Amino acid sequence: MADSEALVKVENLVVRFPITDNSRRTFIRPVDQVSFEIRAGEVLALVGESGSGKSTIGKALLRILEPSEGSIVVGNKDITHIRRRELVEYRKLAQMIFQDPFGSLNPVKTIEQHLAFPIRKHRLASSDSTSNLINELLARVGLTPVEETRLKFPHELSGGQRQRVAIARALAVNPKFLVADEPISMLDVSIRAGILRLMTQLREDFNLAFLYITHDLASARYFGNRIMVLYGGRIMETSASSELIRKPLHPYTRLLLAATPGSAMKGALPETSNKPPNLLEGRTGCPFADRCPHATDLCRDQVPELTEFEAGHLVACHYTNQLAEDNIRS
Amino acid sequence: MDEKTPVLEIKDLSVSYQTPSGFVEAVRGVNLTLYPEEIIGLVGESGSGKSTMAFAVMRLLKGEATVTGGLIKVLGKDVYSLNKKELRLFRWDQMAMVFQSAMSALNPVMTVEKQIFDTILSHRPQMSRQEVRTRAEELMDMVRIDRKHLKSFPHELSGGMRQRIVIAIAIALHPKMVIMDEPTTALDVVVQRSILNQIKEIQKTEKFSILFISHDFSLVAEMATRVAIMYAGRIVEMTDSQTLKLGERHHPYTDGLLRAIPQLTSEDVVIEGISGNPPDLKLLPSGCAFHPRCALAMERCKTEMPIPHPQPIGYIECHLYSEEGSRG
Ligand SMILES: Nc1ncnc2c1ncn2[C@@H]1O[C@H](COP(=O)(O)OP(=O)(O)OP(=O)(O)O)[C@@H](O)[C@H]1O
Ligand SMILES: Nc1ncnc2c1ncn2[C@@H]1O[C@H](COP(=O)(O)OP(=O)(O)O)[C@@H](O)[C@H]1O
Ligand code: SF4
Ligand code: SF4
Ligand SMILES: [Mg+2]
Ligand SMILES: [Mg+2]
């Protein structure tokens with residue numbers, strides 16, 4: 001897997017939104033110069049606080065919104081600015097699973113109808129075999145007995161079962177790439193594990209690539225092969241999951257880890273304020289500088305570039321070398 | 001009152017909701033004792049009855065909900081024997097609650113200052129404005145929000161700041177007990193951690209007891225000394241936070257939850273969900289309510305409701321721990 005071509009290639013992605021700031025029209029950049037790759041069969045976990053730009057990246061990748069700058073290539077096709085027909089075609093390759101399994105289903109349609117829709121739309125099966133395909137999909141996501149499930153309405157299912165329907169629907173087109181935006185955060189604790197395991201199984205069985213969006217580092221570590229930490233729309237750090245948890249280098253990653261329940265780090269948090277990041281276009285310096293205990297004038301002045309510290313471990317901080325030594329000492 | 005008087009004593013509490021399809025029992029015979037300066041964690045999945053129990057203690061249940069049995073004593077007083085006026089004074093003064101959603105707990109058209117002032121003055125009308133202001137500033141310092149935000153409206157504050165204000169108001173009158181119902185669930189982990197650190201700090205100086213409600217095991221283990229686990233309206237296990245890990249003696253449900261949660265630091269363990277779904281209270285399973293989901297269920301579990309079996313610490317309500325059970 002290591003040397004295979006990337007399935008998803010994102011380069012210098014920028015998403016801008018118009019806002020009014022003190023009655024002046026301007027822009028925010030919740031996604032700012034983001035680059036990464038995902039290989040077939042790989043799960044990239046995207047973590048970061050609320051408003052850091054995770055969902056916006058997910059929507060750009062699915063082309064639910066159009067990027068302002070940069071490029072997105074999926075399966076050797078540049079999909080950054082594709083329209084209509086090509087977009088419909090692209091939906092066979094890439095699908096999304098949302099946080100709220102209820103909101104994403106139509107309350108007056110049966111489960112069968114939910115699954116039949118994408119099959120017909122994309123002409124994935126003859127009308128004779130549609131029914132078989134529906135059964136197959138339901139069985140694949142563990143919604144058995146399928147004959148019973150098919151005729152139910154969303155409100156007759158539990159949250160976990162609804163999320164399985166949403167996954168089955170996404171799988172109908174036989175995609176290669178799934179964006180799962182907080183797929184378990186609204187579910188009961190006892191059934192979250194089942195969904196995570198299902199997604200793990202699908203990754204293995206179909207060599208699916210995932211962008212797994214979450215604010216929970218523990219589940220990111222569990223499901224993700226790699227973790228990418230986002231702050232103020234920029235990537236702060238990315239590496240193999242276990243490496244990131246064992247050896248966090250970026251001050252924000254360290255803060256996030258220290259704050260996560262179950263972490264070994266106790267006591268005061270390593271931060272100097274809790275100001276949210278400035279997303280306004282034209283900001284200068286490191287987005288984390290306001291909260292960073294190591295910030296200097298250089299940090300407030302110049303954006304640190306994401307650079308490779310060790311093979312596969314990238315960090316965007318002016319003082320990575322010094323902080324890495326701290327890590328060894330502490 | 002002597003040291004040993006519990007701050008909160010719940011005995012055989014049952015609460016039902018009236019619904020179009022009949023009564024549903026959301027809390028079914030719960031017992032719990034909270035001692036001075038103690039923090040008890042109450043964990044359970046959504047719908048297990050945690051908030052209902054908290055509202056019952058505060059006597060804040062709405063129309064369709066009624067206490068159908070049992071007794072609730074706060075500082076030795078039966079909460080349901082108080083008349084309206086006594087209750088109004090008792091609440092906030094002796095017992096306070098931090099609600100699940102901070103925004104709805106605050107009045108959107110009133111400044112923070114006004115809301116703190118109103119709470120204090122309604123209980124301490126004799127206090128001078130200067131004294132009230134001093135207390136308000138003290139509270140802002142305690143929850144670490146700049147005093148200038150006393151002049152702010154709720155919508156001008158972040159979610160984390162609003163939740164801190166709610167906590168400040170809850171402790172304004174030095175209550176002996178504070179119920180915190182998922183006080184940080186909607187917040188980012190960093191904000192959550194800093195608020196929890198503050199709660200612990202304030203609790204040490206102000207010395208109140210906390211009933212800390214959450215669905216997050218690791219969080220509860222960090223906050224509380226004793227932990228109650230709720231399933232389908234019953235506290236099925238009482239344990240302490242040290243024991244709240246795999247490999248210890250637990251209720252099968254507790255065990256299941258512990259197996260279901262990805263751990264931040266443990267290497268490559270496979271997590272496992274609990275089969276089935278949380279029960280529908282209208283169609284509560286007979287016997288042990290957990291039996292349809294329990295891998296260890298025996299014949300008697302289907303018909304016979306288990307009783308609490310005392311453990312070195314706390315108890316476990318499961319037939320496996322009875323004399324004839326395999327773990328007894
Ligand atoms: N359509 C839009 N118009 C204007 N601003 C937007 C729009 N969508 C998102 N934003 C802003 O972009 C920023 C990033 O939002 P995004 O939804 O990507 O965050 P997130 O990381 O997914 O957060 P959460 O964890 O809360 O889901 C936020 O400041 C948000 O308010
Ligand atoms: N107003 C209500 N009417 C009917 N049922 C309710 C009402 N409020 C809560 N319930 C039911 O009571 C049970 C317990 O709810 P709750 O105490 O809110 O649980 P928790 O706080 O543990 O999530 C749930 O099954 C819920 O659906
Ligand atoms: S670049 Fe500076 S401000 Fe940013 S994380 Fe590194 S040390 Fe902190
Ligand atoms: S009483 Fe029976 S069904 Fe209930 S938890 Fe114990 S073993 Fe399982
Ligand atoms: Mg989001
Ligand atoms: Mg609740």
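Trainee: How much of chain A is made up of buried residues?
Mentor: Buried residues, meaning those under 20% relative accessible area with a 1.4 Å probe and protein chains only, make up 53% of the 330 residues in chain A. This is a predicted model, in which local features need pLDDT of at least 70, side-chain atom pairs count only at pLDDT 80 or more, and totals for chains, interfaces and linings use all residues. Residues are numbered from 1 along each chain as its sequence is written, chains are lettered from A in the order in which they are written, and side-chain values use heavy atoms, with hydrogens and water left out.

Trainee: How many helices and strands are there in chain A?
Mentor: Chain A has twelve helices and twelve strands. These are DSSP runs numbered from the N terminus: H or I of at least four residues for helices, E of at least two for strands.

Trainee: What does the C-alpha trace of chain A span along its principal axes?
Mentor: The spans are about 70 × 45 × 45 Å.

Trainee: Changing topic, how many residues does each chain give to the contact?
Mentor: Chain A gives 36 residues and chain B gives 35, where contact means heavy atoms within 4.5 Å.

Trainee: And what area do chain A and chain B bury between them?
Mentor: They bury about 2,800 Å², of which 58% is on carbon and sulfur atoms. Buried area is the accessible area (1.4 Å probe) that two parts lose on being put together, summed over both.

Trainee: Which three residues supply the most of chain A's share?
Mentor: A:Val189, A:Ser190 and A:Pro261 supply 22% of the area that chain A buries against chain B, more than any other three residues.

Trainee: How many salt bridges are there between the chains?
Mentor: The count is zero, a salt bridge being a side-chain nitrogen of Lys or Arg within 4 Å of a carboxyl oxygen of Asp or Glu.

Trainee: Which element gives the largest share of chain A's side?
Mentor: Helix 7 of chain A does, with eight residues.

Trainee: Now A:Thr284: where does it lie, and is it buried or exposed?
Mentor: A:Thr284 lies in the loop between helix 10 and helix 11 (297-301) of chain A. A:Thr284 is exposed (over 50% relative accessible area), with a value of 54%.

Trainee: Which residues is A:Thr284 in contact with, beyond its sequence neighbours?
Mentor: Leaving aside neighbours within four places in sequence, A:Thr284 is in contact with A:Arg300 and A:Asp301. Its side chain reaches the backbone oxygen of A:Arg300 at 3.3 Å.

Key: Polar contact = N/O pair within 3.5 Å; in protein donor to acceptor, adjacent residues only side chain to side chain.
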